[in-house]
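Visitor: I would like to learn how to read the features of a structure, one at a time. Please show me the chain and start with the terms I need.

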Amino acid sequence: MPIVVEIDVMLAKRKMSVGELADRVGITPANLAVLKNGRAKAVRFTTLAALCEVLACQPGDLLRWEPENPGDGDRAAHESGASAPAGSAAG
C-alpha cells in the first residue's frame with residue numbers, strides 16, 4: 001500500500017505503549033493495531049486528530065506516501081505537467 005503508517009515511530013519517541021495510546025485516544029488496542037500495521041482501509045479524521053493530540057504531532061508525522069513501484073511518483077507528476085517549471089513551454 002502506498003500509504004505507510006508510522007505510529008510505531010511516534011510511540012517510540014514518546015516512550016508510550018500501544019495500550020496507553022489506545023486508552024488515551026479512545027479506541028481499542030485491536031483497532032489501533034490494525035491502523036499501525038497498515039491494514040486499515042480508512043481512518044476517521046477525528047481518530048487522526050486524537051492521535052495527533054495525544055502524540056503531540058502532525059498527521060504527516062504518522063502517515064507518509066510511498067509509491068508502490070519506484071518511479072511512479074515521477075511519472076504521475078510528469079504526466080500531469082506538475083514537473084514542468086512555471087512559465088515553461090511544456091507540451
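Guide: Start with burial: a residue counts as buried when its relative accessible area is under 20%, as exposed when it is over 50%, and as partly exposed in between. Keep in mind that this is a predicted model.

Visitor: What percentage of the residues in the chain is buried?

Guide: Of the 91 residues in the chain, 25% are buried. The accessible surface of the chain is about 6300 Å², and carbon and sulfur atoms account for 54% of that surface.

Visitor: Which elements does the chain have, and in what order do they run?

Guide: The chain has six helices and two strands. Read from the N terminus, the order is β-α-α-α-α-α-β-α.

Visitor: How are the contacts in the chain spread over the sequence?

Guide: Take the contacts between residues at least 6 apart in sequence: 59% of them join residues at least 24 apart.

Visitor: How do I read a single helix? Which residues of H1 are buried?

Guide: List the buried residues, then look at their directions around the axis. In H1, which spans residues 7-14, the buried residues are Ile 7, Met 10 and Leu 11. Viewed down the axis of H1, these buried residues fall within an arc of 105°, so they line one face of the helix. The face turned away from that buried side carries Ala 12 and Lys 13, which are exposed.

Visitor: What do the buried residues of H1 pack against?

Guide: They pack against strand E1 (3-5) and against four helices: H2 (18-25), H3 (29-36), H4 (45-55) and H5 (59-62). Just after H1 comes Lys 15, with a positive phi of about 55°.

Visitor: Which residues of H2 are buried?

Guide: In H2 they are Leu 21, Ala 22 and Val 25. Down the axis of H2, its buried residues fall within an arc of 100°, so they too line one face of their helix. Their cover includes H1, H3 and H4. H2 is followed by Gly 26, where phi is positive, near 90°.

Visitor: How do I read a nonpolar core? Which residues touch the most other members in the largest one?

Guide: Ask which residues belong to the core, then which elements supply them. The largest nonpolar core has 19 residues, and those touching the most other members are Ile 7, Leu 21, Leu 51, Leu 55 and Leu 62. H1, H2, H3 and H4 are the elements that give two or more residues to this core. The largest share, six residues, comes from H4.

Visitor: Which residues is Ile 7 in contact with, leaving aside its neighbours within four places in sequence?

Guide: Ile 7 is in contact with Leu 21, Leu 32, Leu 35, Lys 36, Leu 51 and Leu 62. Leu 21, Leu 51 and Leu 62 were named above along with Ile 7 among the residues that touch the most other core members.

Visitor: Is Thr 47 buried or exposed?

Guide: Compare its accessibility with the 20% cut-off. Thr 47, found in helix H4, has a relative accessibility of 17%, so the residue counts as buried. Leaving aside its neighbours within four places in sequence, Thr 47 is in contact with Val 25 and Ile 27.

Visitor: Let us turn to charge. How many salt bridges does the structure hold?

Guide: Side chains of opposite charge can pair when their charged atoms come close. The structure holds four salt bridges. One of them joins the side chains of Glu 6 and Arg 64, at 2.6 Å from N to O. Glu 6 lies in the loop between E1 and H1, while Arg 64 lies in strand E2 (residues 63-65), so the pair ties together parts that are 58 residues apart in sequence. Arg 64 is partly exposed, at a relative accessible area of 33%.

Visitor: What other residue forms a salt bridge with Arg 64?

Guide: Arg 64 also forms a salt bridge with Glu 66, with 2.5 Å between the closest N and O atoms. Glu 6, Arg 64 and Glu 66 are thus listed as one network, joined by salt bridges that share partners. Glu 66 counts as partly exposed, at 38% relative accessibility.

Visitor: How far apart in helix H2 are Glu 20 and Arg 24?

Guide: They are four residues apart in H2, which means a separation of about one helical turn. Their side chains meet in a salt bridge, at 3.4 Å from N to O. Glu 20 is partly exposed, at 35% relative accessibility, and Arg 24 is partly exposed as well, with a relative accessible area of 49%.

Conventions: Residues are numbered from 1 along each chain as its sequence is written. This is a predicted model: local features need pLDDT of at least 70, side-chain atom pairs count only at pLDDT 80 or more; totals for chains, interfaces and linings use all residues. Side-chain values use heavy atoms; hydrogens and water are left out. Buried means under 20% relative accessible area, exposed over 50%, partly exposed in between (1.4 Å probe, protein chains only). Contact means heavy atoms within 4.5 Å. Accessible areas come from the Shrake-Rupley method with a 1.4 Å probe; for residues, only the protein chains shown count as cover. The arc is that of the directions from the helix axis to the C-beta atoms. A nonpolar core is a set of buried Ala, Val, Leu, Ile, Met, Phe, Trp, Tyr and Cys residues joined through side-chain atoms within 4.5 Å.
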